[in-house]
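Colleague: I would like a close look at the surroundings of one bound ligand in this model. Please place that part within the chain as a whole.

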Amino acid sequence: MALYITDECINCDVCEPECPNGAISPGEEIYVIDPGLCTECVGHYDTPQCQDVCPVDCIPKDPENVETTEMLQAKYEALMAQEC
Ligand code: SF4
Ligand code: SF4
């Protein structure tokens with residue numbers, strides 16, 4: 001399941017550099033996560049790095065983007081293959 005950023009985001013900028021997939025970027029009003037790039041940090045870390053650093057806890061799982069760990073692992077491998 002990809003994560004998403006709610007409107008409680010205070011644009012503090014700390015999550016963006018923590019994302020190993022470059023999935024987080026400044027949106028028009030708040031930061032946004034590209035669900036095509038977010039692997040919930042599967043393949044890189046044991047826990048979602050953005051959730052770990054967000055001071056206002058505004059990055060829940062996105063019920064619209066439900067994915068199994070296997071799907072997230074496959075997305076990670078596809079993203080890594082693109083980078084090579
Ligand atoms: Fe990036 Fe990981 Fe957060 Fe997804 S969970 S947006 S991959 S830091
Ligand atoms: Fe917004 Fe949280 Fe990211 Fe800060 S860490 S920019 S509050 S989502």
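Modeller: What follows goes from the chain as a whole to the ligand shells, then to single residues and the second helix.

This is a predicted model, and every value below is computed from it. The protein chain has two helices and two strands, in the order β-β-α-α from the N terminus. For 84 residues, a compact globule would have a radius of gyration near 12 Å, and the protein chain agrees with this at 12 Å. Along the principal axes, the C-alpha atoms of the protein chain fill a box of roughly 35 × 25 × 25 Å. Of its 84 residues, 36% count as buried. Among contacts in the protein chain with a separation of 6 or more, 68% are between residues 24 or more positions apart.

Now the part in question, ligand 1. Around ligand 1 are L3, C19, P20, N21, I24, I33, C38, T39, E40, C41, P48 and C50. By class, this shell divides into nine nonpolar residues, two polar and one charged. Two of the residues around ligand 1, I33 and C41, can be followed further.

I33 belongs to strand 2, which covers residues 31-33. With a relative accessible area of 12%, I33 falls under the 20% cut-off and is therefore buried. Beyond its neighbours within four places in sequence, I33 is in contact with L3, Y4, I5, A23, I24, C38 and I59. One of these contacts, A23, is 10 residues from I33 in sequence, and the two C-alpha atoms are 5.4 Å apart. The contacts of I33 also include L3, I24 and C38, and these three residues are themselves listed around ligand 1. I33 thus touches several members of the shell to which it belongs.

C41 sits in the loop between strand 2 and helix 1, the latter being residues 49-53. Its relative accessible area is 8%, so C41 counts as buried. The backbone at C41 is worth noting: phi is positive, about 70°, although the residue is not a glycine. Most residues other than glycine have a negative phi. Q49, in helix 1, is in contact with C41 and with E18, leaving aside neighbours within four places in sequence. Q49 is buried as well, with a relative accessible area of 16%.

Ligand 2 makes a useful comparison. It is surrounded by 14 residues, the closest being C9, I10, C12, C15 and C54. This shell has 12 nonpolar residues, one polar and one charged. In the segment before strand 1 lies N11, where phi is near 50°, again a positive value in a residue other than glycine. N11 has 33% relative accessibility and so counts as partly exposed, whereas C41 is buried.

T6 is also in the segment before strand 1, the strand being residues 24-26. At 16% relative accessibility, T6 counts as buried. Apart from neighbours within four places in sequence, T6 is in contact with I30, C58 and P60.

That leaves the second helix. Helix 2 takes in residues 69-83, 15 residues in number, and reaches 21 Å from its first C-alpha to its last, close to the 21 Å expected at 1.5 Å a residue. Which of its residues are buried? They are L72, K75, Y76 and L79. Seen down the axis of helix 2, these buried residues fall within an arc of 100°, so they line one face of the helix. An α-helix has 3.6 residues a turn, so residues three or four places apart point the same way. The face of helix 2 turned away from the buried side carries E70 and A81, which are exposed.

Within helix 2, L72 has 2% relative accessibility and so counts as buried. The C-alpha atoms of L72 and E8 are separated by 26 Å, and the two residues are 64 apart along the chain.

To return to the request: the shell of ligand 1 includes I33 and C41. I33 is a buried residue in strand 2, and C41 is a buried residue in the loop that leads from strand 2 to helix 1.

Key:
Residues are numbered from 1 along each chain as its sequence is written. Chains are lettered from A and ligands numbered from 1 in the order in which they are written. This is a predicted model: local features need pLDDT of at least 70, side-chain atom pairs count only at pLDDT 80 or more; totals for chains, interfaces and linings use all residues. Side-chain values use heavy atoms; hydrogens and water are left out. Helices (H or I, at least four residues) and strands (E, at least two) are DSSP runs, numbered from the N terminus. The expected span of a helix is 1.5 Å times one less than its number of residues. Buried means under 20% relative accessible area, exposed over 50%, partly exposed in between (1.4 Å probe, protein chains only). The arc is that of the directions from the helix axis to the C-beta atoms. A residue is near a molecule or strand if one of its heavy atoms lies within 4 Å of it. Ala, Val, Leu, Ile, Met, Phe, Trp, Tyr, Cys and Pro count as nonpolar, Asp, Glu, Lys and Arg as charged, and the others, Gly among them, as polar. The radius of gyration is taken over C-alpha atoms; the globule rule is 2.2 Å times the number of residues to the power 0.38. Contact means heavy atoms within 4.5 Å.
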